[in-house]
Amino acid sequence: MAYKTILTVLSDPGQLAQLDAAVGLALAQDAHLDILCLGIDHSQPGYYFPGGTAYGLQEAIDSAMGDAEALETRNRQHLAPVPELRWSAESAVAQSGGIAGLVGLRARFADLTVLASPYAQGQPGDAEIVTEAALFEGGCPVLMLPKATPPALPPGRVLVAWNQSAEALAAIRRALPLLKAARSVEITCIDPGRNGPERSDPGGALTQMLTRHGVRAEIAVLARTAPRISDEINRRAIEIGADLVVMGAYGHSRLRQAILGGATRNMLEQARVPVFLAR
């Protein structure tokens with residue numbers, strides 16, 4: 001199994017590092033890279049003068065389309081010196097309320113989406129909606145990049161955050177191509193409950209499953225000393241020199257169709273290494 005279709009979504013000229021990371025992963029996986037260049041219409045029709053809504057909307061859509069096409073042109077120029085890459089680019093326009101549907105539809109047919117963390121400095125305001133759309137509406141795993149430096153590909157050492165949940169197991173299954181390529185994988189169990197399904201052997205069955213796939217896995221059971229689990233995961237990732245963290249994504253319904261759960265949001269806000277998310 002490998003990632004054969006990789007998606008990245010760009011809506012700002014400052015996202016070149018995200019594009020380069022997606023290119024690097026597509027080359028490493030011998031995959032096709034789909035690039036969605038978004039122009040976003042933030043207009044509020046209710047604020048137009050009477051009778052001016054149609055004119056205002058058309059002007060806003062034309063402006064957003066111009067932004068998307070300029071972004072696509074720039075990306076095509078940026079990728080021209082990479083003839084070995086198989087890729088395609090598409091420009092599209094959406095209003096804020098339509099971003100989730102558009103991104104979710106594209107992500108549905110991708111094996112992996114590569115995005116910068118929506119909480120990284122300089123990210124556009126709609127980045128969180130794009131992330132949620134890929135994860136929840138598209139059902140696609142997301143490789144989240146916390147900083148501008150390209151990730152290690154393939155990752156040498158991976159931390160798997162294991163809490164015995166269905167979401168965590170789904171993320172592990174979707175991350176198998178990266179786990180198999182890693183030199184070592186640590187299954188990190190933080191303060192596992194004694195009455196959990198694995199009882200006195202947290203991570204044991206998972207390690208057996210991964211070993212049968214050729215993954216070089218080991219278990220670390222840690223006591224929780226920090227207020228939040230995300231603090232423990234980040235600290236452990238730094239301690240062992242992890243190049244990647246794999247964890248389940250959690251969300252719940254609010255005003256939008258899906259909003260990242262607190263634990264997931266805290267992790268992405270503080271992450272020092274790339275995070276692989278799925279649910």
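**Pocket, cavities and the buried helix α4**

The lining of the largest pocket draws at least two residues from each of three elements, namely β7 (184-190), α8 (229-239) and β9 (244-248). In this predicted model, the pocket holds about 310 Å³ of space, and its lining comprises 18 residues, with Ala161, Trp162, Asn163, Ile229 and Ile233 lying nearest the centre. When the lining of the largest pocket is divided by class, 11 residues are nonpolar, 6 are polar and 1 is charged.

The protein chain that surrounds these spaces contains 279 residues, of which 51% count as buried, and its secondary structure amounts to 9 helices and 12 strands. Of the contacts made between residues at least 6 apart in sequence, 79% join residues at least 24 apart. The chain exposes about 12,900 Å², and carbon and sulfur atoms account for 52% of this area.

Within this chain, helix α4 (residues 127-137) is largely enclosed by the rest of the structure, because 9 of its 11 residues are buried. The buried set consists of Ala127, Ile129, Val130, Thr131, Glu132, Ala133, Ala134, Leu135 and Phe136, and thus includes Thr131 and Glu132 as well as the nonpolar residues. After α4 comes glycine 139, which has a positive phi, near 60°.

Helix α4 also takes part in enclosing internal space. A search of the whole structure finds 2 cavities of 30 Å³ or more, and the volume of the largest cavity is about 80 Å³. This cavity is lined by 13 residues, among which Val9, Gln15, Gln123, Ala127 and Val130 are the closest to its centre; two of these, Ala127 and Val130, belong to the buried residues of α4. At least two lining residues of the largest cavity come from each of β1 (5-10), β4 (112-116) and α4, with α4 providing the largest share, 3 residues. The lining of the largest cavity is made up of 7 nonpolar residues, 5 polar residues and 1 charged residue.

The second largest cavity contains about 50 Å³ of space and is lined by Leu143, Pro151, Ala152, Leu153, Pro155, Leu178, Asp243, Leu244 and Pro274. By class, 8 of these residues are nonpolar, none is polar and 1 is charged; the charged residue in this lining is Asp243.

Note on methods: Residues numbered from 1 in each chain as written. Predicted model: local features only at pLDDT ≥ 70, side-chain atom pairs only at ≥ 80, totals over all residues. Heavy atoms only, no water. 1 Å grid on protein atoms, 1.4 Å probe; cavity = no way out; pocket = protein on both sides within 12 Å on 5 of 7 lines; lining within 4 Å. Points joined across faces, edges and corners; volume = space filled by probe spheres on them. Helix = DSSP H or I, 4+ residues; strand = E, 2+ residues; numbered from the N terminus. Buried < 20%, exposed > 50% of the residue type's maximum accessible area, 1.4 Å probe, protein only. Contact = heavy atoms within 4.5 Å. Areas by Shrake-Rupley, 256 points an atom, 1.4 Å probe, with all protein chains shown as cover.
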